Amino acid sequence: MENELFIDRLLKTLGINEPGNIYPPKSNQSLRQLYQQVIDSPSPDHYRQSVLYYVLRDLSKTDKDGHHASNFVKSVFLPEKYRIFIDGVWYLDRARFEKALEYLTEPVLIPTFPEEIVYVLCTHPDQHDIHLPLAYYYTVSPPVTSPKVLEALHLKMAETSVTEALFWSRKQGPSMRRRLFDQLVHSVLDAPEGDDRARRSVELIHLPFDREEDQWFAAYLTEGQGRNIPRAKDALHVRAVAKGRSNALSELGKGFGSTANSGMEWSGSSFEHGLMTPPR
């Protein structure tokens, strides 16, 4: 999904397998060759016309008002839903994400390339609004099955609400659910120091884990990759105390003095504060 424009995907749907070799066209001759390959495709007319509409939009340097593109749409009676979709992915390819979503969330559209769109919104280096992927996902409700896309979407979800990310992960299959749970714990506890990590850490510690999730939490922070997180033991202590396990502190804290792991003082409200306190 990386390093591929949506025009590349559109051309592939027409059976043009190496779109990077012909798009963008570098001369009038290569433009004619592109046109011929599109016309010769056995794909339905609306698919071919949609690609030609995209190409005409790309000619805006010489057609600043877009007359060629709009006239083409009228001349071939391109259905509105195809025009709307092409406008959306055209803006996506130019990293104009908010503008793209104005089109791609139109109710008239049937989700096309939904996983690719979600992944781009989650991972594109120029896309900094954490709410856009969720806006698209919740508005369109596209089917998402790719593990890579699920993980990327889950990370964005966890940035806005740790609770929402947990409950959403429960809707996934058993193996993916466990992967997402571990990812959630790691993304919260291993985040850069600051108020956001403190807020999200407290939210994580107080989540209503079921019995299985409680086991996963302990296993990840003691045996899994999470054991290398500087505040892994702190998180286990705080979780145990927050849930009223009176003997947990003495059991988990063996070997610690009154000042415990990672510069955290084990008294009163300093339990939760310790998750954001840097080691001294």
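## How H3 and H5 meet

Let's start with a pair of helices: H3 and H5 cross in a right-handed sense. This is a predicted model, and in it the two helices, H3 and H5, pack at an angle of about 45 degrees with their axes 10 Å apart. That angle makes H3 oblique to H5.

If you would like to find the contact on screen, look on the H3 side for His-46, Tyr-47, Ser-50, Tyr-53, Tyr-54, Arg-57 and Asp-58. Their partners in H5 are Tyr-82, Arg-83, Ile-86, Asp-87, Val-89, Trp-90, Tyr-91 and Asp-93. By type, the residues of this H3 and H5 contact divide into eight nonpolar, two polar and five charged.

## How H2 and H3 meet

H3 also packs with H2, at an angle of about 160 degrees and with the axes 9 Å apart. Angles over 145 degrees count as roughly antiparallel, and H2 and H3 are therefore roughly antiparallel to each other. Here, too, the crossing is right-handed, as H2 passes H3.

From H2, the contact takes in Leu-31, Leu-34, Tyr-35, Val-38 and Ile-39. Arg-48, Val-51, Leu-52 and Val-55 are the residues that H3 brings to this contact. The contact of H2 with H3 is made up of eight nonpolar residues, no polar ones and one charged.

## The largest pocket

The largest pocket holds about 330 Å³ of space. It is lined by 14 residues, and those closest to its centre are Tyr-47, Ser-50, Tyr-82, Phe-85 and Thr-112. Tyr-47, Ser-50 and Tyr-82 may look familiar, since they also belong to the contact between H3 and H5.

Which elements give two or more residues to the lining of the largest pocket? They are helix H1 (6-13), helix H3 (45-58) and helix H5 (80-93). H5 gives the most, with four residues. Sorted by type, the pocket lining has 10 nonpolar residues, three polar and one charged.

## Two backbone details in the loops

Most residues other than glycine have a negative phi, and most peptide bonds are trans. Two places in this model depart from those habits.

One is the bond that joins Tyr-23 and Pro-24, a cis peptide bond with omega of about 0 degrees. You will find Pro-24 in the loop between H1 and helix H2 (28-40). The other is Ala-95, a residue other than glycine whose phi is positive, near 60 degrees. Ala-95 sits in the loop between H5 and helix H6 (97-104).

Methods. Residues numbered from 1 in each chain as written. Predicted model: local features only at pLDDT ≥ 70, side-chain atom pairs only at ≥ 80, totals over all residues. Heavy atoms only, no water. 1 Å grid on protein atoms, 1.4 Å probe; cavity = no way out; pocket = protein on both sides within 12 Å on 5 of 7 lines; lining within 4 Å. Points joined across faces, edges and corners; volume = space filled by probe spheres on them. Nonpolar A, V, L, I, M, F, W, Y, C, P; charged D, E, K, R; others polar. Axes fitted to C-alpha atoms, helices over the stretch in contact; angles between N-to-C directions. Parallel < 35°, antiparallel > 145°, perpendicular 65-115°, else oblique. Left-handed = near helix turned anticlockwise from the far one by under 90°. Contact = heavy atoms within 4.5 Å.
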